Amino acid sequence: MTGEKRRSRPNVVVILLDDLGFAELGCFGSSIATPAIDALARDGLRYTNFHTTPLCSPTRASLLTGRNHHAVGMGMLADVPAEAPGYTGRVPRSAATVARHLRDAGYGTFAVGKWHIAPRDESGPGGPFDRWPLQLGFDRFYGFMRGLTDQWFPDLVRDNSPADVPYGPEEGYHLTEDLVTEALAMMQTHRAARGDDPFFLYFAPGAVHSPHQAPASHIERYRGAFDHGWDVERERRFQRQLELGVIPAGTVNTERPPSVPAWDELGEDARRVFARQMEVYAGFLTHTDEQIGRIVEYLRLSDQLDDTVIYLTSDNGAAHHPSRAGTWAKFQPNDVATMLEHVDEFGGVGTHNHYARGWTWAGTTPFRYWKGYSWLGGVRTPLIVHWPSRIGRDNNAARRQFVHVVDVMPSILEAAGVSPDPSVDGVDQQAIDGASMLSTMDDASSPAPRDTQYFEMLGSRAIYHDGWKATTDHLPFPEMWEPPMEGSVDFAKDHWALFDLGSDFSEAVDLADAEPDRLAGMVGLWEAEAERNQVLPISDSGDRPDSIRSLRDDPRPREVYFAGSQPVTTSDLLAGSFELTAELVAGPESSGVLWAHHPNPYTFSTRPIWSCHVVDGVPILTFGLTGEHRIPSSLPMTEGRHTLVVRFRREADSARVTVSLDREQAAELSIPQLHVPPVRQLYIGRGVGVRWDDFDPSRGFHGTIVRVTVQRTPAPRS
């Protein structure tokens, strides 16, 4: 490394929020209370022309590597890897991260929160770990590997191993608070052990991605605050943005898209449900802001704040849900009538809140559309930079230069005085696509770090060049997302719109017919950038050819499991037929969990899809996320050794379950087919998540589990 170790190098903190729209912070026009973040903006810089990719994994890969997302194999979510080079879901060794370069230069490096740049089947507790944080340049990691997790019962990892939630929500646990506590411990330990050596903290909480979950006190402070609805809320944010100078005079507040109903056209019940959804989201964001304030306060109290450069942004625009009405719980009806019955539970334990699409639209004021699209609503996010020793204080200044997320890494390296090595671990490094924006911090008239940037996500394409932007009307995920507009599902028929962003801040006026030659040049430029960055071939569906055979696609016929603290990644047992044999030694009045099989953490549930627990010696099987199918054994276990056998035989639209204890039949039941996500994590001797009925996941079996054997039955040949 050419970066020389010296005391003057700043600490670096990157705070990457999740699914936060351009208009959702107080300092960017929102009425939601975000005082800690607003203070960073007041004493720093607000970048109002900052861009990301339209989805989370690609933005995270670009931020950490400084390369365009297709160029490092992250053309889409890491959960859907494909064979095409731009879509493998695997950051190559030729794209070392900013953490790796900083660590080699003497920085301590810490990642806390969401990772989501390892392929789906490399994110489980067994690895492989090649693309986990510690292997990509971080000294420490605490957080979760996939795209989302429950805020009350998260799927946690510490370094390279699964970690238990330290305490429960009834004792005040919330994931964001836990993440900040761990981040503070890492920073404090580093300072105590390494003195003036600088550190890099990558802090990426699950907030404010769904599930929107927050302490009840934070949600209650917003009761009634959004009864006016999303049309009024968007207009209020627009006016506030004008007052704050976030948007220039003359900006058009783009019209409500067809897939968002007018608030006044909704019934009273719908308005009550949707207003409560937004109250939960606002409480979640304010709670997140308070936790960010803890990080800033630590830096202040430890006399490090002035010499720490803080970047705060979001990974994409505000998120919408496939259902226009949003959600309140996983795998439960989400119609207005059902949600109204549970409206007072929103945001609490066992819920999975996501606001209705109208609030997504308000969150992207004044732009069109949202996450998943290459329109400005999907890719323009707030960026705040705070660095008192360089920027000063109380300037509350805005920067208008076009900046992209790939520019963050080279900016950090320049601030640290570190030149990236051309070869890392013997691997020649590919070119860094980003350019430092440090000069824009010093001078509002400094040139932008780039004049060209392409965008693509599931066929939604755009190109920026010299103040102009061309954008397609292509509709990604047409089979999943109700389209926000009348657009195209045929690449050959896509309409390219053309916008002069110099005079049209919100991408409102299509000049394609007036400027056909310019548009043709822009489309040609997109094609050249796409070729250069491995964008081709493009696809508009998440159903891509998978380059990794999932465990559930290639299960082993027989597995043996033992009790332990770590979950085991398995295939979806309930998709076929199997026989499970548990060899046990029961104590007097044995109770506790024998096993619990949980859905994939990405589509998590706080309850197992099927489990077995013992109550006063009686084994009880439960199937279904609410335990709706309950099979108690007719034969209680006495003290001593036992063999418990569960046979699960899949039939056309149901399954036959029989239970035997020591070769004597103890129960039998036919249950309907369970519609659940793939089941992937098997816990032996315990479970995780919510306590319900007499099932306590934290209560291990009071006895000995010798072993658990699963024998799959081959599917009959057709």
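## The ten-stranded sheet

Let's start with an open sheet of ten strands, ordered β7-β6-β5-β4-β8-β1-β9-β10-β2-β11, with mixed pairing. The edges belong to β7 (161-163) and β11 (397-399), each with a single partner strand, so one side of each has no neighbour in the sheet. Ignoring direction, neighbouring strands here are turned by 15 degrees against each other on average. Keep in mind that this is a predicted model.

One pairing to look at is that of β2 (residues 45-47) with β10 (residues 383-386), which is antiparallel and runs over three bridges. Within it, Y47 sits opposite L383 of β10. Two helices that pack on this sheet are α7, which touches β1, β8 and β9 (308-314), and α12, which touches β1, β8 and β9. The direction of α7 makes about 180 degrees with that of β1, while that of α12 makes about 175 degrees with β9.

## Helices packed against α7

Two packed helices are described by the angle between their axes and the distance between those axes. For α4 (residues 175-194) and α7 (residues 268-301), that gives about 10 degrees and 10 Å. With the cut-off for roughly parallel at under 35 degrees, α4 and α7 therefore count as roughly parallel to each other. On the α4 side, the contact uses T176, E177, V180, T181, L184, M187, Q188 and R191; α7 brings F284, H287, T288, Q291, R294, I295, Y298 and L299. By class, the residues of this contact are seven nonpolar, six polar and three charged.

Helix α1 (residues 35-42) also packs with α7, at an angle of about 50 degrees and with the axes 7 Å apart. That angle makes α1 oblique to α7. Here P35, A36, I37 and L40 of α1 meet D289, I292, G293 and V296 of α7. The class count for this contact is six nonpolar, one polar and one charged.

## An enclosed helix

Helix α2 (residues 56-65) has ten of its ten residues buried, so it is largely enclosed by the rest of the structure. The buried residues are C56, S57, P58, T59, R60, A61, S62, L63, L64 and T65. What covers them? Among the covering elements are β1 (11-17), α3 (98-104), β4 (108-114), β8 (199-204), α12 (408-416) and β15. Right after α2 comes G66, with a positive phi near 75 degrees.

## The four-stranded sheet and α14

There's also an open sheet of four strands, in the order β15-β16-β17-β18 and with antiparallel pairing. β15 (452-457) and β18 (496-500) are its edge strands, each with a single partner, so one side of each is left without a neighbour in the sheet. The twist from one strand to the next averages 15 degrees. Strands β16 (residues 460-465) and β17 (residues 468-472) run antiparallel and are joined by four bridges, with H465 partnered by W468 of β17.

Helix α14 (residues 516-532) packs on this sheet and touches β15, β16, β17 and β18. Its direction makes about 110 degrees with that of β16. One residue of α14 is L519, which counts as buried because its relative accessibility is 13%, below the 20% cut-off. Setting aside neighbours within four places in sequence, L519 is in contact with A470, W496, A497, L498 and A512.

## Strand pairs later in the chain

Strand β19 (residues 558-561) has alternating side chains: E559 and Y561 point to one face and are buried, whereas R558 and V560 point to the other and are not. β19 pairs with β30 (residues 703-713) in the antiparallel sense over four bridges, and Y561 has V708 of β30 as its bridge partner. V708 and L519 are 189 residues apart in sequence and 64 Å apart in space, C-alpha to C-alpha.

β27 (residues 654-661) and β28 (residues 664-672) run antiparallel and are joined by eight bridges; V657 is partnered by L669 of β28. The two strands form a hairpin with two residues between them. In that turn, D662 has a positive phi of about 55 degrees.

## How far to trust it

The average pLDDT of the chain is 92, and 94% of the residues score at least 70. Residues 1-6 fall below 50, and that stretch has 16 contacts in the model beyond near neighbours in sequence. Over residues 545-553 the pLDDT stays under 50 too, with 28 contacts beyond four places in sequence. Where pLDDT is low, the predicted coordinates shouldn't be read in detail.

Technical notes. Residues are numbered from 1 along each chain as its sequence is written. This is a predicted model: local features need pLDDT of at least 70, side-chain atom pairs count only at pLDDT 80 or more; totals for chains, interfaces and linings use all residues. Side-chain values use heavy atoms; hydrogens and water are left out. Two strands pair if DSSP finds at least two bridges between them. Axes are lines fitted to C-alpha atoms, for helices over the stretch in contact, and angles run from 0 to 180 degrees between N-to-C directions. Contact means heavy atoms within 4.5 Å. Angles under 35 degrees count as roughly parallel, over 145 as roughly antiparallel, 65 to 115 as roughly perpendicular and the rest as oblique. Ala, Val, Leu, Ile, Met, Phe, Trp, Tyr, Cys and Pro count as nonpolar, Asp, Glu, Lys and Arg as charged, and the others, Gly among them, as polar. Buried means under 20% relative accessible area, exposed over 50%, partly exposed in between (1.4 Å probe, protein chains only). pLDDT is the predictor's confidence in each residue, from 0 to 100.
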